[in-house]
Each structure stands twice: as C-alpha cells, then as structure tokens.
Amino acid sequence: MKKFLLFTIVFTVNVCLGQNVPSANNFTEISSNYRADMGSGNFVYSVPLFDIETMNPNFGLQGNLYYNAQAASSIFTAEGILAKGWAADFLPSIYRDINQINSLCDELYYKTDTYSVNGDYQPYSRPYRDKNDLFEFSIFGLRGSFRLAYNSDNTVDVKLVSSNAFVEIIPDCPMSNNGINGKIINLNGFTIKDSNGFSYRFDTVEDSGLWQNLGDSYSLLIDPAWNTGRVNAYLPYKRSFLLSNITDKYQRTLVQYIYKTYPYTLGAGSTAFNYNQKVIDKIKIINKSNLVFTTNQSKITSIAINDYVDQPISKINLAASNVIFTNQNNIEEKRYQFLYFPSTYYPNIGTPTNNQGNYIKADKCATASSSWIYDNKIQNYSAGLLRSITIPQKGKINIEYETNTYNFSLAGIWSQLNYDYVEVPVTYNSANDSYSFFYSSIAGGNDEAFYVKFHSTLYTNPLLVDGNGNPLSVYPGFRIFTLNTPPTLWQGFAFEDQCTYGERINHAPDFNNKTIVLKRHSGTASNISNVKVYKKIIKPQNQRVGYCFGPSVRVKKITNMDGVNTVNEKVYSYNDPANDKMSSGVISNLVWYQYLSPQIERPTTIFYKYITVEETGKGKMVCQMNWEGAISDQFKPDDPAYNPKNIWKYNDAGELVEHQNNTFETYLVSSDSESYHKIKKINSTIKSYEGINFKTTTNEKVLDTISMLPLYNKIVEASTGQTFEEHYTIQKLGNAFYQTNVEKTKNSEALNQSAFTYQQQGSTQAYNLYQTSVAKEVRPLEVEREITLYDDYGNVLEYKTKEGLIVSQIWGYNDSKLVAELKNIPYASINQPTITAVKTNSNVATYNEAALVILLNGLRGTHTTGYVTTYIYRPLVGIASITDVNGRKESYVYDDFNRLYRIFNNEGLIIKEYQYHIKPN
C-alpha cells in the first residue's frame, strides 16, 4: 500500500474510529481484521491477500477481501467476489449512481430540436443533476464522490461532493455543439490524482442498461445510435469506469489492469437487454509481478501470483467457504474458513401490501401494518450471513447478529414488543356447530386486536367436482358476519398454521363488548378443532420499549475462541445508556413501508447515537457519536457524525477510568448542494481517573481544508501545566503537496524546528527534496542534509551530510532498489559503464546475479578511499544479502512460503533462525 499522507483522527480506542456507510459497490476500508462499525453496528472483516512492491518504494499494491454483513443482508447488493457481501479493495472503480427512474444520462441527449418534447414549443430542460447522477470512487483508501457540470462553452466542470483526502479529478469528456441547443457529449473516462502525485487512470468503460419508462416524445432526445425505438426499455449507459493504470509523479507507469468480458442479460422477453460484463483478467505490476485471475462470471476463483515473466510464485484459491494460500508447488501454507447461517425462505402470507412482497414477509397474522415489525419473526435478516471464521492460527471468530432498531415517537404504540397475547374463553355451540367469544372493547389508536387460530383437516365435498369430474377438497375455515340486519359477511378465515396466534380479525367499532360468532360451513364439524381466540393487549406504559425494528442487522456479540475455549467476548448494545427501553437509533424517514419504485428506493440508514461494548473481564466502553439532531436523507460516508463525541471507559468493577470529549469544527467540501462536511478542527479533553482523582489532558488539532493534512497540534497537561505545540507548513508544488516546515514548542519556548526545501525535476510537475535544515531552540537553521543529485525517478544518487561527507547511491532492479551505497565517493567519479552494467544485470529482463555480485564487489576494489555497502535482493521476497564496508556478508534464507528462515554471517554460521508454528490465536 502506498505511504499515504492522510492525517488520521486517532482516538484513545480504535474501535471508535469513524466508518464509511457502505454502498453495494464499494465497501468500507477496514483498519483491523474485524470490528463492529461505530454508528451502524455493521460487522466488517478483512482477509489480507497480497502486498506486492512496485518500482516506486512509496507505493505497494496491497489486496484485501472485505466482508460487509449489512451489504450481505440487503436485496440491493449483487453477488460479491466470493458470495454476497464480499468485495475486494484492489479493484478500484468509479461507479455511476443514477438514483432516479427515467433519468436519462447526459450522453443520451443528442437531438438539436427539443421544442416538441413537451408539446409547448419550449426547449426541453435536462433533469436536475444535483441529486441523480453521482460518480462514486474508491481507490486504495481514497473515497469520495462527484458530479459533472456541462457548460455552454463545451467545457466540463467537476463538482466534488465528498472526499476523505485531497483529490484532483480530470474528466476526459469532449463536447461539441449540435445545432441550436443540442450537445454531443462523449464521456470517455477520468484521471484522479492524490496529494502525493500518484495518478489513477479510469478509461475502461463498463456498460450496462438503464431502465426507462418515458413518453414517446422523449425519443426525440435520444442519440439515434442508442435509440432502440422503444422508451419503455433498457437503454445503454456507462455504468462504471474501471482502473486502467497507475502512474507516479514522475509519469512512470507502476501498475496496469487488464479485463475480460462475459455475456450478461438484464430483463427478459421483449425487454431483454444484452451486454458484456467486465471482470478482472490480469494485474501487471511493471517489472515486478503479474497477478492472473481465474473467474466464473463476476466471481474470482483463484489468483496466481507470478513473476514478471509469469513463472509461478504462489496462488490463492477463493471460494465462499474458504480462502486457501499455496506456494509454487501447490503446497498449502494457510487457510481461512467461513461458515454461514442457513438461508431461509419465507413465502408471502396472503396478499402483500404496499409492495412489500419483495422486501419482507407480509405477515397478515401479526399486525395491521407490517411496516412496523421488521424483526426476525417477520424476516430473518441473519439468514445467509457469515457466522463463523476460522483463521490460519486455528483461532475462531463467532458472530451473532440482531435486527436493527430505531427510536420513533409512535414506537410505544406500534412496536410489537409492547403487546401481550391473552387467550380469550371460547364457547362451543353444539346446536349449530359454531363457536363464540366475547369481543371486549378496543379503544383504537394502537395495534390492539383479536386473533383466531384453529386446526383444520381436509374435507371432500362429493357434490362439488373440478373440471375433470373429481371431487373438490378444501380445508374448512370460519366466517364472521356483521351484527346489523340482515347480517353480511365481514371476514373469512382460512386454515393458517404458520401464524403463532392465528389470523387477525378486522376490527369493526360495533363489535366492541359484543358476543361474536365464528360460523363454519355445514357438514365440516369434525374437520375443525382446537379453536382458540387471543386478544392482543398493549402493555402498561412503564413496561413499553421506545423503539421499532428496521431492516438489516447489527452485531450483537463477537466471540474469539482458541478452537475450544473462549479467549474473549464482546457484547454490543445500541440503546440509550440513560434508558435501556429506548433505542439510540435514528432515521430520516419511514421509507421502508412506502416502496413504490423497487428499482430506485433504498432503505434509509439507521444511525446509532450510542454504542456500548462490554468485554468479559475487562469492563466496558460507551461511545456517544457526533450526532447533533439534524440528519439528512442518508447518513453519508465519512460524515463527521461517525466520529465519537464522548467515550467513557469503565473497568470490570464498573468504575470510570477514562472520559474523552471531542468537539469538531467542519466545512463543506464544495458548493454542491449535496456536498459533505469534513472536519477541520478537533478539540479533545481526556480525563484519566484514579478513584475520585483524575488527570486532564487537552488536545487541539487543525487540518488544512485543501490538502486535508495537519497544520497544528497542541497538547496541554493540566496537572503539570505543560503545553506542547506543533506547527506544520504545507505547500503544493507541481502535482503534489509537501511539508516545508515543522516548529515545535514547549510552554511557548522553541524546542526545535525543521525546514525542507524542494527542487523541480527538470521541466516536469515533480519536485524532489533538496535540503533538510534543523535548529534546536532559538538557534539558526543548519543544513543537516543536502541532496545534490537525483535520477529521473526521484531516487537519490548523491547527498551531502552536515559534516560535508559525500554519499553516493546506485539503484538497480529497474531503478527500484538500492544496490550500493558509497560513502566518501562522489557519484561522478563512479565509472558510468559500471553503473550501466549493475543496472543491466539487476533488471528483471536481463537478470544475472553472479555478474551483479562481481560488479558490486568490484566497487570496493576500485574505490579504496570509500566505504561501500552492497545489497542483493530476491524479487518479490526480500533482501538476499548485505555486504558491509568491511566486505563481511550477511545472507538471508527463506522457506518454501517465502518466509524468512535463517540468517548466516560471513563465516556461514547461523546467527538467527525463525520457526513458524500453528498456535492458538
């Protein structure tokens, strides 16, 4: 992974780090192998796959698999890399999120004459773009989103909506005029640059189909090349832009991505839309390695890690149940194993209301409005989720989930936890084979009701036959009639064995305090038995909970085991600490029971203001998130709300041992109407308790709003009266940001200062460090090191120490590794043919280790006045040998899995040996 200059807000407990709200496309990046995310309660887990160096020492290609439980439980998430919920962070993309139906993407607009679209002879206005055409990117830890603004002069502006670090986004989108008010727009891709000058080119376009249901006049707007003649159909659009290559600030290509395709179809029948789906084929780490992928449509089944000429080094086999690592001889090194909760299918009961059939089990037995009861009795959100992970060290992680909850003003009325079911006496009337019960008063304004439950056996009526002349068979049920004269049928009850308390009786006000008769069809007396009636009664106010259930899951418990015994256990709670009957979950609207457009609607995020984590034998921690009461339609990725405002830590005896309070100042990322807030200042107060006494430390951090790098840090220790301050100066030079000055003080008196000056690399946008100067206290700055010569890729060829010593460095292995350091020798005095030969014999295409060793050893004989240290490497493994200034060689030996095994000294004696044993985690 590149050494990314991203200032991270680190609090005293890493579990309270901010988190990203995942989408179906890019999941949150994880700083540890597993955790329950603050704010959402989501379970996320990472499996490290590979970490491969590139020719730039500040960038390594690191790959991880990520599991996201809430994505896995959503119907809106497609199948992942292994299975639902699994994603990879080594496949960056820019995903286009068009979240309104009938919203044509801009490339579809073509026609010059748009006056007749609406029949009003006025030019047609394109749909409002500020909310429904969003580009989301995820690039090795960089996350964000943006929109495009098309200008009348055929230029394109980028409107940044969110970003967790500095980015520069350059669209490749040529435009031209087409008649009076038409535009021809050709969106080809993007280049995104980070604060270190690395560039990521996204020009591999992945097409898909966008469903449109438009009036005929809209066809006038559509590019003829895309117009199928139907506007009730899928239209092609550029769904995402995949990473093609990565270059550094010296314009050197480090990594290339290659893709393959497979056929895919959206819809069926006359509306079927066929296109080619892209999937990764190979990642080329230039002059280092090739990653070759075996795939089955969107799923990756194996990753072969080869050298630059595709000779095997190792392999990773991937499946939903395991990830297995093998060496070049296909011998297993380690594996991860995964177990999942069984998948559960719930058929709809009766007719679903409010289009809920696609989302939950429409349970007519339980409540008048099933939108209020998203608990596992209605929909098992844990079904199919990851429940157990066995890791290579034979340790085991078990995960328990529970259904999300949210605080709601009417929860006391609608939450099903606030009701008891009380059995009501039922009287059998032998005269007419009916049953009756007393329908006591229901006041209304809540979810009280009566329910009927019975058992029924199959009844065959010899007088009724089907089309083939066979007798009809049915399961007899009951009927209720109105109390007016003449009575009419009010409700029928079919045999329903799936419902715990039977089927709900539709309330009629005139039923109150009346005897209600359950009538059955004549001749079916022996087929109905075990008749019961229940009254659903609301609990007393002091026994009610103040929350309802919402879709998806949160973590309830995470248990670590050594295979047999529990090592530790963390239990999570999301209720308000001041009231355990009140959820701290908040939402912006109750959209879940109002789905009208399944293609468009998404469940609103539930955000938890509090999360409590109790760990057996260690105590508990309570986090209060940075929620101030005003919420938008969705809680957004990297929103300041996902940082803790307060953290209380208690020991196992329940005593408070630490309290941290954080306050935040924020700013808008851009002028876009949907722009996110970012943190620019953090003030923290930490109180550490010892009994009733405590020590207070305050910390103030300020971030630059452009580069998002640190500008100021202040620490005050109240008990000692000491104040420590750090000031940072940041400057953008060419295509990257650089730290040019650091000043540190104690109690307003200078401690030390460091200054850095840079020089431009020729006429390029790249800058290299030229001088490092330091000063203690108030003394003047003195040059500590001066870099006098670089190569074309920013590698230091010569520098001078503060004592005036000249040090030269020779780089090999395609200019990516230091192979020789010569002290007291100017670079110009080294024989140029020797340098060329060293590079040639160390480069991957012409590698000759024996010749390389001879050349490096020859430097000592040639430069007798210098002090020469040389290095030999095993590509993609590590250092092979170091020979010091006295010619003493230290050798490094690796096992079959490329792990360091032994270190030998110059005499061939073992000075260190490493053994790797499987032990409990």
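These questions and answers cover a helix, a sheet and the nonpolar cores of a predicted model.

User: Which elements do the buried residues of α4 pack against?
Analyst: Helix α4 spans residues 832-842, and its buried residues are Ile835, Val838, Asn841 and Ser842. Seen down the helix axis, these fall within an arc of 140°, so they line one face of α4. The elements that this buried set packs against are β54 (806-812), β55 (817-823) and α5 (849-862).

User: At the start of α4, which residue's backbone nitrogen does a side-chain oxygen of asparagine 831 reach?
Analyst: The oxygen belongs to the side chain of asparagine 831. It comes within 3.0 Å of a backbone nitrogen, that of threonine 834.

User: Which strands stand at the edges of the sheet β25-β26-β33-β30-β31?
Analyst: This open sheet has 5 strands, with antiparallel pairing. Its twist averages 30° from one strand to the next. An edge strand has a single partner, so one side is left without a neighbour in the sheet; that applies to β25 (427-429) and β31 (489-493).

User: What is the bridge partner of isoleucine 480 in β31?
Analyst: Strand β30 covers residues 478-481 and runs antiparallel to β31, joined by 4 bridges. Isoleucine 480 is paired in β31 with glutamine 491.

User: Which strand gives the largest share of the largest nonpolar core?
Analyst: That core holds 97 residues, and Phe43, Leu49 and Ile303 touch the most other members. The largest share is 6 residues, from strand β2 (residues 43-53).

User: How many residues are in the other core, with Leu822 and Ile835 among them?
Analyst: This core lies apart from the largest one. Its members also include Leu859 and Val868, and its size is 21 residues.

Notes: Residues numbered from 1 in each chain as written. Predicted model: local features only at pLDDT ≥ 70, side-chain atom pairs only at ≥ 80, totals over all residues. Heavy atoms only, no water. Buried < 20%, exposed > 50% of the residue type's maximum accessible area, 1.4 Å probe, protein only. Helix = DSSP H or I, 4+ residues; strand = E, 2+ residues; numbered from the N terminus. Arc of directions from axis to C-beta. Contact = heavy atoms within 4.5 Å. Polar contact = N/O pair within 3.5 Å; in protein donor to acceptor, adjacent residues only side chain to side chain. Pairing = 2+ DSSP bridges. Axes fitted to C-alpha atoms, helices over the stretch in contact; angles between N-to-C directions. Core = buried A, V, L, I, M, F, W, Y, C linked by side-chain atoms within 4.5 Å.
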